[in-house]
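Please open the structure in your viewer and keep the selection panel at hand. The tour proceeds one selection at a time.

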Number of protein chains: 2
Amino acid sequence: MSASLSDDSLSTHIETMMVEQNPRGMQHLYAKQETGTYLRAAKSLHHAQGTVLIGTGFAVNNTFETDGPVGAIALYKVLEKLGKQPILVTGNPLYSALKNDFNCFELPINSIENARTFSIKALEQLKPDCVLSIERPGLNKHQRYYNMRGIDISEHCGCFDFFITEAPCPTIAIGDGGNEIGMGNLAQHMQALNITPCITPCDELLLADVSNWAAYGLIAFLSRWHHTDLLADIEPLNILNYLSERGSVDGVTHKNELTEDGLHAMHGQQLITRLRQLGGFTTENEV
Amino acid sequence: MSASLSDDSLSTHIETMMVEQNPRGMQHLYAKQETGTYLRAAKSLHHAQGTVLIGTGFAVNNTFETDGPVGAIALYKVLEKLGKQPILVTGNPLYSALKNDFNCFELPINSIENARTFSIKALEQLKPDCVLSIERPGLNKHQRYYNMRGIDISEHCGCFDFFITEAPCPTIAIGDGGNEIGMGNLAQHMQALNITPCITPCDELLLADVSNWAAYGLIAFLSRWHHTDLLADIEPLNILNYLSERGSVDGVTHKNELTEDGLHAMHGQQLITRLRQLGGFTTENEV
């Protein structure tokens with residue numbers, strides 16, 4: 001029955017699921033969006049035949065948090081399986097942690113002043129068909145990066161903002177707090193949230209309770225259009241293990257744990273199960 | 001009768017008057033604002049005891065347009081009369097045109113990269129109690145300045161954006177098209193307008209059909225609170241004459257004419273008359 005949902009209905013279902021726990025107030029922002037965000041974003045990914053840039057990595061105490069890279073890696077593997085050329089774009093220390101296992105492009109750290117020129121050159125070189133940001137710190141009105149606690153972390157961050165704003169192709173950005181790239185689309189609605197909003201906009205902004213989860217929502221659409229259960233092979237706990245071995249910390253607890261924004265990996269896994277059911281790939285009994 | 005209007009009602013009257021001709025779609029944006037914009041902005045000016053920075057000047061073909069400086073000069077004169085210390089902040093050629101007659105602060109041209117640091121230092125030096133921008137080009141998502149025709153005019157512009165975003169005091173910004181400083185507050189609502197929006201926000205954004213006119217709306221409140229007809233001495237045609245002698249052009253026609261955005265000075269003068277009537281300073285017969 002679920003498989004007979006229209007694309008539009010599937011998108012609305014996914015959008016609602018993505019913000020249902022609402023730990024950081026994303027339901028409030030979702031109410032300001034035009035529905036269909038996940039569908040429109042997934043179409044851009046689907047139509048990208050060649051290179052897809054996936055920017056990720058949020059600096060925490062000289063290392064990186066688990067939220068962002070888990071979804072980025074899940075999406076990378078799916079896009080690769082579909083014959084596209086994904087590239088993870090990130091700065092150190094995450095870049096060094098990933099570069100042996102994935103096609104990566106390095107962002108220089110702490111160079112906001114040169115970032116626009118650098119990004120334009122990189123885009124000319126990489127020629128992406130789609131650029132996606134998942135849980136990247138975004139420039140605020142002070143042209144700085146603040147974390148969710150309001151601390152200026154600019155000197156530890158690379159700048160991916162201009163990869164989004166200067167891209168000659170569709171752009172997607174995923175966030176769960178308000179200070180991530182793409183939140184410029186809704187910056188004026190953040191008075192109620194205790195955050196200095198990012199003002200960098202994007203073509204399609206995807207909201208989620210945990211940014212990693214938005215990647216699963218996009219993959220649900222790719223599964224549908226390829227008639228293939230692409231979510232079946234994704235094991236968030238395995239990816240968390242991989243990242244933890246390389247020094248990741250949870251963005252909320254700041255501990256090296258197998259969690260995302262303070263939530264056990266089980267939550268992401270459950271969401272994947274529900275997305276597969278929604279897509280008609282499994283029944284409740286099979287799981 | 002009009003004088004018995006509450007401050008809130010006066011503000012709503014003024015806000016509606018300011019966008020009633022709607023040549024560039026500001027009614028559409030006004031519908032997205034919380035009412036009371038002119039009242040809240042006027043209070044910030046009223047409470048500023050010392051220095052008030054007034055940024056103005058929009059580059060057109062190596063000179064400057066009439067919209068912006070007329071209102072800036074009108075406001076400057078009123079603030080001076082009220083014992084405050086206004087300073088006009090602008091780049092060349094407007095800076096050189098005004099510096100002999102007004103207290104001015106010069107913005108360097110074409111230096112976006114250094115603008116944030118420059119602005120923070122300038123704010124420390126000038127210690128403003130309020131910062132106001134009237135028809136200043138605002139940075140868009142490409143970190144560039146575009147005019148209303150979509151042409152990149154960055155190399156001819158100084159950067160006032162960070163005077164607004166880094167100010168340690170209330171900030172006000174006035175615009176009439178979407179590409180001016182402050183429009184970041186409404187950037188997400190500009191899809192319907194044929195403009196690349198400015199993403200720089202401000203505390204209080206004032207919309208007007210012609211930016212100069214917003215200054216008269218603010219002065220109407222100062223008149224009320226000082227029980228003084230401060231609009232009586234303002235002659236837009238005289239200020240236009242003064243600017244025209246110094247090389248100004250109309251921002252729409254690009255000709256050195258005594259007009260603002262293609263509109264005869266009479267329109268601004270009529271608005272002043274109506275604001276004085278609304279404030280109870282004149283009756284219809286007196287004018």
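The stops below visit a group of strands and then a contact between two chains.

This is a predicted model, in which local features need pLDDT of at least 70 and side-chain atom pairs count only at pLDDT 80 or more, while totals for chains, interfaces and linings use all residues. Residues are numbered from 1 along each chain as its sequence is written, chains are lettered from A in the order in which they are written, and side-chain values use heavy atoms, without hydrogens or water.

**Strands of chain A**

Select residues 85-90 of chain A, which form strand β4 (strands are DSSP runs of E, at least two residues, numbered from the N terminus). Of its 6 residues, 5 are buried, so the strand is largely enclosed by the rest of the structure (buried means under 20% relative accessible area, 1.4 Å probe, protein chains only).

Add β1 (residues 51-56) of chain A, which runs parallel to β4(A) and is joined to it by 5 bridges (strands pair if DSSP finds at least two bridges between them). Here A:Val52 is opposite A:Pro86.

Next select β5 (residues 104-106) of chain A, paired with β4(A) in the parallel sense over 3 bridges. A:Phe105 of β5(A) stands opposite A:Val89.

**Between the chains**

Now display both chains: 15 residues of chain B are in contact with 15 residues of chain A (heavy atoms within 4.5 Å). Select B:Lys141, B:Gln143 and B:Gln188, which supply 33% of the area that chain B buries against chain A, more than any other three residues (buried area is the accessible area, 1.4 Å probe, that two parts lose on being put together, summed over both).

Key:
Buried means under 20% relative accessible area, exposed over 50%, partly exposed in between (1.4 Å probe, protein chains only). Helices (H or I, at least four residues) and strands (E, at least two) are DSSP runs, numbered from the N terminus.
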